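Dear colleague,

Please find below the structure that I am handing over to you. A summary of what was found in it follows directly after.

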Amino acid sequence: MLPTTSPHTNGALGARDAARHTAGAKRYKYLRRLLHFRQMDFEFALWQMLYLFTSPQRVYRNFHYRKQTKDQWARDDPAFLVLLSIWLCVSTIGFGLVLDMGVLETLKLLLWVVFVDCIGVGLFISTLMWFITNKYLLKHPSRNFDVEWGYAFDVHLNAFYPLLVILHFLQLFFINHIVVINSDWFLGYFIGNTLWLIAIGYYLYITFLGYNGKSSLSV
């Protein structure tokens with residue numbers, strides 16, 4: 001079964017629960033917490049980032065716990081998004097230094113990585129997967145029993161973080177030091193393409209775990 005919102009026994013949410021679980025109410029709560037750093041659990045967000053590399057099943061098991069305690073699959077704490085944004089800035093600055101890019105070029109790269117690679121591509125993939133899962137993969141599709149779009153976007157963020165670390169952090173050590181990736185050597189091409197293969201494979205694997213709710217949460 002894919003992660004879904006839980007209806008009452010008669011198959012419909014109550015009026016109070018329906019108002020509390022609307023997309024607008026969840027979005028308002030999430031954005032409100034985004035302005036209060038003291039309310040964010042950065043320690044737990046760091047724990048999630050670590051286990052996305054070592055044991056991503058445990059991260060999705062926590063989504064299952066959140067559903068049981070808060071009746072919501074998507075994150076209600078923006079700490080993970082804040083830390084991911086910091087990683088994006090730091091890694092992009094590192095790329096600019098390694099490649100001897102100017103301030104303007106580094107800023108353009110940062111804007112591209114944030115608004116195109118992370119947010120733009122994420123919105124497209126999340127919306128596409130949200131539509132496909134609700135349209136074709138639910139056993140009992142209904143208006144009150146569907147996959148949250150916020151959860152679909154969280155799956156993208158979970159999968160994007162390891163890809164970011166591999167391509168924007170680990171790859172920096174190979175560009176001009178261990179193996180010159182941007183040279184015409186065969187070994188450079190091999191190392192660079194291998195890193196891309198690992199990163200994309202990790203993205204697909206973590207995305208699969210996110211939508212393969214039953215198997216990933218039962219590990």
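Contact here means heavy atoms within 4.5 Å. Please bear in mind throughout that this is a predicted model.

**Helices α4 and α9**

In that sense of contact, P56, Q57 and Y60 of α4 meet Y205, I206, L209 and G210 of α9. Sorted by class, the residues of this contact comprise five nonpolar and two polar, with no charged ones. The axes of α4, which spans residues 56-70, and α9 come within 10 Å and cross at roughly 30°. Since angles under 35 degrees count as roughly parallel, that crossing makes α4 roughly parallel to α9. The crossing of these two helices is right-handed.

**Helices α3 and α4**

Helix α4 also packs against α3, which covers residues 42-54; their axes come within 6 Å and cross at roughly 135°. The two helices are therefore oblique to each other. On the α3 side, the contact is made by F44, W47, Q48, Y51, L52 and T54, and on the α4 side by P56, R58, V59, N62, F63 and R66. Seven of the residues in this contact are nonpolar, three are polar and two are charged. P56 of α4 thus appears in the contact with α3 and also in the contact with α9.

**Helices α3 and α5**

A further partner of α3 is α5, residues 79-98, with an angle of about 65° between them and their axes 8 Å apart. Here α3 and α5 are therefore roughly perpendicular to each other, and α3 passes α5 in a right-handed crossing. From α3, the residues F42, A45, L46, Q48, M49 and L52 take part, and they meet A79, F80, V82, L83, L84 and W87 of α5. By class, this contact has 11 nonpolar residues, one polar residue and no charged ones. Q48 and L52 of α3 are listed in the contact with α5 and in the contact with α4.

**Residue Y202**

Which residues does Y202 touch, not counting those up to four places away in sequence? Y202, which lies in α9, touches L52, F53, P162 and I166. For Y202 and P162, the separation is 40 residues in sequence and 7.0 Å in space, taken from C-alpha to C-alpha. L52, one of the residues touched by Y202, is also part of the contact that α3 makes with α5.

**The second largest pocket**

The second largest pocket holds about 310 Å³ of space. Its lining consists of 16 residues, and D117, L163, L167, H168 and W196 lie nearest the centre of the pocket. Which helices each supply at least two residues of this lining? They are α6 (103-137), α7 (149-170) and α9 (186-211). The largest share, six residues, comes from α7. As for chemical class, 12 lining residues are nonpolar, three are polar and one is charged. Helix α9 therefore deserves a second look in the display, as α9 contributes to this lining and also makes the contact with α4 described above.

With kind regards

How values were computed: Residues numbered from 1 in each chain as written. Predicted model: local features only at pLDDT ≥ 70, side-chain atom pairs only at ≥ 80, totals over all residues. Heavy atoms only, no water. 1 Å grid on protein atoms, 1.4 Å probe; cavity = no way out; pocket = protein on both sides within 12 Å on 5 of 7 lines; lining within 4 Å. Points joined across faces, edges and corners; volume = space filled by probe spheres on them. Helix = DSSP H or I, 4+ residues; strand = E, 2+ residues; numbered from the N terminus. Nonpolar A, V, L, I, M, F, W, Y, C, P; charged D, E, K, R; others polar. Axes fitted to C-alpha atoms, helices over the stretch in contact; angles between N-to-C directions. Parallel < 35°, antiparallel > 145°, perpendicular 65-115°, else oblique. Left-handed = near helix turned anticlockwise from the far one by under 90°.
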